[in-house]
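Colleague: I would like to learn how to read this model, feature by feature. Where do we start?

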Amino acid sequence: MSANPASPLDLHLRSGKGRRVLVTGASGYVGGRLIPELVAAGFTVRTLARNVSHLENRPWFNDVETAQADLQNPDDTESAFKDVHTVLYLVHSMASSKDFEKQETEIARHVAHSAAAAGVQQIVYLSGLHPKKPLTELSAHMRSRERVAQILLAGPVPALVLKAAVIIGSGSVSFEMIRHLAERLPLMPGPSWLKNTIEPIAIRDVLYYLAHACALDQPVNASLGIGSGSVQSFASMLEQYAQVAGLSRRKVLALPIPAQRLSGFWIGMVTPIPRGIAMPLAASMAEDAVTHEHEIANLIPDPPGGLTTYREACQRAITRQKLGPLDVTWDDDVLAVQSRNPADPLPSDPEWAGHTVLTDEREREGNATPGAVWQVIETIGGPRGWYSAPILWKIRGLMDQALGGYGLARGRKDEHQLRVNDHVDWWRVESVEPEHIVTLRAEMRAGGRAWLQFRIEPLDDGGTRLYQRAVFFPNGLIGRSYWRVIQPFHALIFPTMAKNILEAAQTQQVHELIEPSIPRKSTRPSP
């Protein structure tokens with residue numbers, strides 16, 4: 001492992017004192033940002049993930065220990081917790097299934113039991129702020145988090161539960177919701193909970209508290225709220241974001257839309273957040289979320305210079321997003337929750353593997369070099385689109401959003417390159433062989449599982465042959481019916497896509513040959 005680097009966020013961290021800290025949810029938004037801070041503080045960090053390969057492209061991967069385990073399996077957790085002083089509990093199902101409350105309850109019990117069996121000294125759990133109500137009166141989302149907190153607090157290992165409301169930072173789901181709503185709607189009609197009071201907290205302050213919680217002198221069993229110390233309405237947060245971002249004045253209208261389902265649908269249609277996440281998010285927003293004490297200061301002092309204000313947190317987030325692609329965003333939490341089962345079929349499986357395989361395959365040749373063609377393929381999607389019938393892609397994207405998917409609203413994580421697990425609109429990069437082949441896995445509502453694959457091969461005369469392949473594994477009659485309905489769409493977009501990709505590569509190559517002495521202006525951020 002490398003020598004301890006400086007804190008990436010320039011936080012004043014308490015020494016790790018040689019302690020081993022296990023981070024669950026290492027591939028998620030908070031965990032992925034916390035790990036380099038823990039490494040900087042001198043902790044021995046062990047990361048836990050259901051699939052360690054999802055962590056290999058993280059810059060801190062070689063500085064940590066890894067453990068591949070499923071928290072629902074007690075045998076896995078006991079082995080992963082061995083020789084660990086503090087367990088950071090940062091996982092949450094994000095309502096990924098109908099029985100997510102039961103699932104989270106079982107995981108919490110497994111963690112508490114395994115931690116005790118392994119001799120863990122402290123558990124630190126990041127939960128959510130909510131009003132003091134009986135569990136039955138909370139939303140399912142918040143009720144589940146509170147139940148997990150109660151299980152851990154009642155367990156044999158001391159648990160420090162840190163409760164936070166809206167987390168503001170580049171790439172967080174809360175910030176993305178605020179940003180998209182404010183930037184897309186000058187006049188914002190919305191649900192009645194826009195008037196609710198919220199106490200936001202900057203991601204840097206969340207990381208500060210979590211890192212310091214791992215270095216406490218004595219184990220602590222308590223539930224404490226953390227926030228910015230400034231309470232405001234959600235409507236005010238939208239208006240203030242617009243001011244910080246330099247947008248025109250935004251007017252927010254809180255309308256009597258009490259139904260959580262309608263609120264979630266509203267968020268899902270206006271932002272890139274799919275309805276499956278927007279629903280529990282809207283439910284949690286339907287309640288005030290403020291701290292009524294600041295007892296955390298008795299345990300962990302406020303950050304030097306004080307807590308980050310909401311406006312400062314927004315400014316930092318906006319600046320960070322303008323610098324280039326983000327290593328970790330809220331979407332990584334979705335990937336962690338919905339991680340593909342290794343036993344699931346793949347498009348590379350043989351046709352006799354036991355599942356129906358429907359394909360649309362295209363092959364076309366062009367004069368551009370393979371390198372030029374790859375440059376075009378690597379920047380496909382997002383602001384550059386899909387090189388064919390943009391209105392049809394837009395319509396399909398709106399259909400997907402209406403059904404609870406991402407649509408085209410998510411865009412690209414990095415406009416210049418494709419990396420494994422990056423998202424590209426409603427696709428996820430499943431595998432990449434630079435300048436040869438890329439496979440995208442669909443995360444849209446389609447009645448089955450779908451992939452889009454591009455492969456390029458050099459021709460003897462210097463040109464390129466482009467293979468374009470769409471693969472679909474239908475789920476029953478619904479999936480087969482979907483494929484038949486969508487085939488006219490494929491007939492319109494796929495031949496044109498291959499043709500336009502090759503033409504764009506040829507145009508780009510000719511331009512570079514004509515003006516070789518003029519350096520191309522880089523759109524990548526400076527190192």
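Modeller: Start with one strand pair. Strand β1 (residues 20-24) and β4 run parallel, joined by three bridges. Keep in mind that this is a predicted model.

Colleague: Which residues of β4 are the bridge partners of valine 21 and leucine 22?

Modeller: First the general idea. Strands of a sheet pair through backbone hydrogen bonds, in either a parallel or an antiparallel sense. Here, valine 21 has threonine 86 as its bridge partner in β4. Leucine 22 has valine 87.

Colleague: In what sense do β4 and β5 pair, and over how many bridges?

Modeller: In the parallel sense, over four bridges. Take leucine 88 as a marker: its bridge partner in β5 is valine 124.

Colleague: What is the strand order of the sheet that holds these strands?

Modeller: The order is β3-β2-β1-β4-β5-β6-β11. That is an open sheet of seven strands, with parallel pairing. On average, neighbouring strands in this sheet are turned by 20° against each other, direction ignored.

Colleague: Which strands stand at the edges of this sheet?

Modeller: β3 (65-68) and β11 (222-225). Each has a single partner strand, so one side of each lacks a neighbour in the sheet.

Colleague: How should I read the faces of a strand?

Modeller: In a regular strand, side chains alternate between the two faces of the sheet. Now apply that to β4 (residues 86-89). Thr86 and Leu88 are on one side, Val87 and Tyr89 on the other. All four are buried, and both faces of the strand are covered.

Colleague: Which helix lies across β4, β5 and β6?

Modeller: That is α6, which runs at about 160° to β5. β6 spans 159-164.

Colleague: How many residues of α6 are buried?

Modeller: The general point comes first. An α-helix has 3.6 residues a turn, so residues three or four places apart point the same way. Now the case here. In α6 (residues 203-213), eleven of eleven residues are buried. Among them are Arg204, Asp205 and His212. Leu207, Tyr208 and Leu210 are buried too.

Colleague: Take a single residue in β5. Is serine 127 buried or exposed?

Modeller: Buried. Its relative accessible area is 2%, and the cut-off for buried is under 20%. Serine 127 lies in strand β5 (residues 122-128). Leaving aside neighbours within four places in sequence, serine 127 is in contact with Arg145, Val161, Leu162, Lys163 and Ala164.

Colleague: And how does glutamate 312 count?

Modeller: As partly exposed, at 33% relative accessibility. Glutamate 312 lies in helix α11 (residues 310-323). The C-alpha atoms of glutamate 312 and alanine 202 are separated by 8.6 Å. Along the chain, these two residues are 110 residues apart.

Colleague: What do the totals for the chain say?

Modeller: The chain has 15 helices and 19 strands. Of its 527 residues, 53% are buried. Look next at contacts between residues at least 6 apart in sequence: 75% of these join residues at least 24 apart.

Colleague: What is the order of the six-strand sheet, and what is its pairing?

Modeller: The order is β14-β19-β18-β17-β16-β15, and the pairing is antiparallel. This sheet is open. β14 (358-366) and β15 (423-424) stand at its edges with a single partner strand each, so one side of each has no neighbour in the sheet. β14 pairs with β19 over nine bridges, in the antiparallel sense. One marker in that pair is aspartate 360, whose bridge partner in β19 is alanine 470.

Colleague: Which helix lies across β16, β17, β18 and β19?

Modeller: Helix α13 (residues 370-378), running at about 155° to β18.

Colleague: Last topic: cavities. How many of 30 Å³ or more does the structure hold?

Modeller: Three. The largest cavity holds about 180 Å³ of space. It is lined by 18 residues, and the closest to its centre are Trp427, Met444, Tyr482, His490 and Phe494.

Colleague: Which element gives the most to the lining of the largest cavity?

Modeller: α15, with seven residues. Elements that each supply at least two residues are α14 (390-402), β18 (448-458), β19 (464-474) and α15 (476-514). By type, the lining divides into 16 nonpolar residues, one polar and one charged.

Terms used
Residues are numbered from 1 along each chain as its sequence is written. This is a predicted model: local features need pLDDT of at least 70, side-chain atom pairs count only at pLDDT 80 or more; totals for chains, interfaces and linings use all residues. Side-chain values use heavy atoms; hydrogens and water are left out. On a 1 Å grid over the protein atoms alone, a cavity is a set of points where a 1.4 Å probe fits but cannot get out, and a pocket is an open set with protein on both sides within 12 Å along at least five of seven lines; lining residues have an atom within 4 Å of a point. Grid points are joined across faces, edges and corners, and a volume is the space filled by probe spheres set on the points. Ala, Val, Leu, Ile, Met, Phe, Trp, Tyr, Cys and Pro count as nonpolar, Asp, Glu, Lys and Arg as charged, and the others, Gly among them, as polar. Two strands pair if DSSP finds at least two bridges between them. Contact means heavy atoms within 4.5 Å. Axes are lines fitted to C-alpha atoms, for helices over the stretch in contact, and angles run from 0 to 180 degrees between N-to-C directions. Buried means under 20% relative accessible area, exposed over 50%, partly exposed in between (1.4 Å probe, protein chains only).
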